[in-house]
Amino acid sequence: MGIYFLLLVVGLCWGQYNPNTVPKRTSIVHLFEWRWQDIAEECERYLAPNGFGGVQISPPNENVIITDPQQPWWERYQPISYKICSRSGNEEEFKDMVKRCNNVGVHIYVDAVINHMCGANAGAGDHATCGSYFNAKTEDFPAVPYSGRDFNDHKCKSRSGNIEDYHDISQVRDCRLVSLLDLALDREHVRSRVAAYLNRLIGLGVAGFRIDAAKHMWPADVKAILDKLEDLNTQWFPAGTKPFIYQEVIDLGGEPIKGSEYFGNGRVTEFKYGAKLGTVIRKWNGEKMAYLKNWGEGWGFVPSDRALVFVDNHDNQRGHGAGGASILTFWDARLYKMAVGFMLAHPYGVTRVMSSFRWPRYFQNGKDVNDWYGPPSNADGSTKTVTINPDTTCGNDWVCEHRWRQIRNMVVFRNVVDGEPFSNWWDNGSNQVAFGRGNKGFIIFNNDDWSLNVSLQTGLPAGTYCDVISGQKEDDLCTAVEVHVAADGMANFLIGNEDQDPFIAIHVDAKL
């Protein structure tokens, strides 16, 4: 009885760190700004067949409609109420998406905006996605309801009411983030309203939450809300399953607020990961891929079991958030695929793949002045559907990096090697590196300015393997490069420095 109780308690304690994906599905994809109907279809036609574990969706709650600039992506981060009503769809479409995705084993993670409401300059009226009335000036949000006493104005000690000094912990957590009305999360009324919203989503079948702007909330306030959350819906999850929690905490070092302060609540987003990996792959500041041998905690990152990692996200691919110019994105496709391939092959953290849309980049003084662009839209402002081209790429300016062969096949690679140790590291002291995952998979990169020709110990069983970067296994054939592993586990690799994708990955499920 005592041992069973202990195991139960440990299971409950660890629940919020577990993405609750079905076995052998290990990666999440962020379908940024997709419509619920399109996500439901993508779960069924592509994500489930290709081993994706879940989808991070854009905030589903009612938000302010901004017309100057015309409906930017960031209007989704300015709540008006907790009604499920946004340009991605209404509540019925949301329910249908969650049900259809769960039914094929792909879970939904909601981007939860609970630190604040809309901007202080958002005005008043019914220009919100559900038509709810609000008055930002008087802090009146009757559709929640919130009133003036539910905000932190009295606690903020900055002159402007906004965060002015990121070295002042109280300012960062009690003042307005870029003039967004800061909720008083120490008030029981506010905590209850937020928890009720999240519990409604749990009841509909979501698997967890990305907590937006967690750094701007006191960890104890976040915990008080999470403590009110119910277990996941038993229609799709085992009884007693806790929602997966990952918190947006931008901690690049140099500020007093640390990601570790939030470990008690769930995982945190490790922003140093993409910033450092981008610097290495770009070969900036004398960095080399050979230095990645102790990647992870050895680079000063949070513990692997507390990290959610990504090469880029919706903020920093536009120069917002954190990471600066080193962040790799779909605009740098050749280097980007290498970075995502490395992330998906390496055992550190829970991995999230980005899926973006294009916008017309225009630089002035080194800044993209079009970084505000919202998703591909029709003339009436509605979001365009995600169309699928004959070659399985996406149309209508949707980038769909998760559909790129190299990234999709590395998602499968990660599933195949799940639980296997990091092994058989090799490097040339420069930018040619390789490593294995036990006896299940092996990957090798050539990011140098000269060709690679080397025989290495792969740790894999003897046989002929299909490289899943240049092609893949189809029936009993490889569509591109073949790798022959000898009886002793050795294999020869040849990668030109000008190859379109200068890396090779093999795994036991791609063996002829």
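This report walks through the overall build of one predicted model, two of its helix pairs, and its pockets and cavities.

## The chain as a whole

Let us start with the broad view. The chain holds nine helices and 27 strands. Its C-alpha trace spans about 75 × 65 × 45 Å along the principal axes. How does the radius of gyration of the chain compare with that of a compact globule? For 512 residues, a compact globule would have a radius of gyration near 24 Å, and the chain, with 23 Å, agrees with that.

## Two helix pairs

Now for some of the helices. Two packed helices are described by the angle between their axes and the distance between the axes.

Helix α3 covers residues 91-103 and helix α5 covers residues 188-204; their axes come within 9 Å and cross at roughly 50°. The two helices are therefore oblique to each other. On the α3 side, the contact is made by E91, F94, K95 and V98, and on the α5 side by R200, L201 and L204. Sorted by class, this contact has four nonpolar and three charged residues, with no polar ones.

Further along the chain, are α8 and α9 roughly parallel or oblique to each other? The axes of α8 (residues 333-345) and α9 (residues 405-416) come within 9 Å and cross at roughly 10°. Angles under 35 degrees count as roughly parallel, and α8 and α9 are therefore described that way. From α8, the residues that take part are Y336, K337, V340, G341, M343, L344 and A345, and they meet Q406, I407, M410, V411, F413 and R414 of α9. Nine of the residues in the contact of α8 with α9 are nonpolar, two are polar and two are charged.

## Pockets and cavities

Here are the volumes of the spaces described below.

| Space | Volume |
|---|---|
| Largest pocket | about 760 Å³ |
| Second largest pocket | about 340 Å³ |
| Largest cavity | about 50 Å³ |
| Second largest cavity | about 30 Å³ |

Which residues lie nearest the centre of the largest pocket? They are L177, V178, L180, D315 and H320, out of 28 residues in the lining. That lining divides into twelve nonpolar, nine polar and seven charged residues.

The second largest pocket, at about 340 Å³, is lined by 18 residues, and Q317, G319, A325, R361 and F363 are the closest to its centre. Its lining has six nonpolar, six polar and six charged residues.

Turning to enclosed spaces, how many cavities of 30 Å³ or more are there? The count comes to two. The largest cavity is lined by 14 residues, and those nearest its centre are N152, R173, L183, L185 and D221. Five residues of this lining are nonpolar, three are polar and six are charged.

The lining of the second largest cavity is formed by V249, D251, G259, V268, T269, E270, K272 and V302. By class, these residues divide into three nonpolar, two polar and three charged.

## Where to look

If you are opening the structure now, you could begin with α8 and α9, whose axes cross at roughly 10°, and then turn to α3 and α5, whose axes cross at roughly 50°. After that, D315 and H320 are among the residues nearest the centre of the largest pocket, while R173 and D221 are among those nearest the centre of the largest cavity.

Methods
Residues are numbered from 1 along each chain as its sequence is written. This is a predicted model: local features need pLDDT of at least 70, side-chain atom pairs count only at pLDDT 80 or more; totals for chains, interfaces and linings use all residues. Side-chain values use heavy atoms; hydrogens and water are left out. Axes are lines fitted to C-alpha atoms, for helices over the stretch in contact, and angles run from 0 to 180 degrees between N-to-C directions. Helices (H or I, at least four residues) and strands (E, at least two) are DSSP runs, numbered from the N terminus. Angles under 35 degrees count as roughly parallel, over 145 as roughly antiparallel, 65 to 115 as roughly perpendicular and the rest as oblique. Contact means heavy atoms within 4.5 Å. Ala, Val, Leu, Ile, Met, Phe, Trp, Tyr, Cys and Pro count as nonpolar, Asp, Glu, Lys and Arg as charged, and the others, Gly among them, as polar. On a 1 Å grid over the protein atoms alone, a cavity is a set of points where a 1.4 Å probe fits but cannot get out, and a pocket is an open set with protein on both sides within 12 Å along at least five of seven lines; lining residues have an atom within 4 Å of a point. Grid points are joined across faces, edges and corners, and a volume is the space filled by probe spheres set on the points. The radius of gyration is taken over C-alpha atoms; the globule rule is 2.2 Å times the number of residues to the power 0.38.
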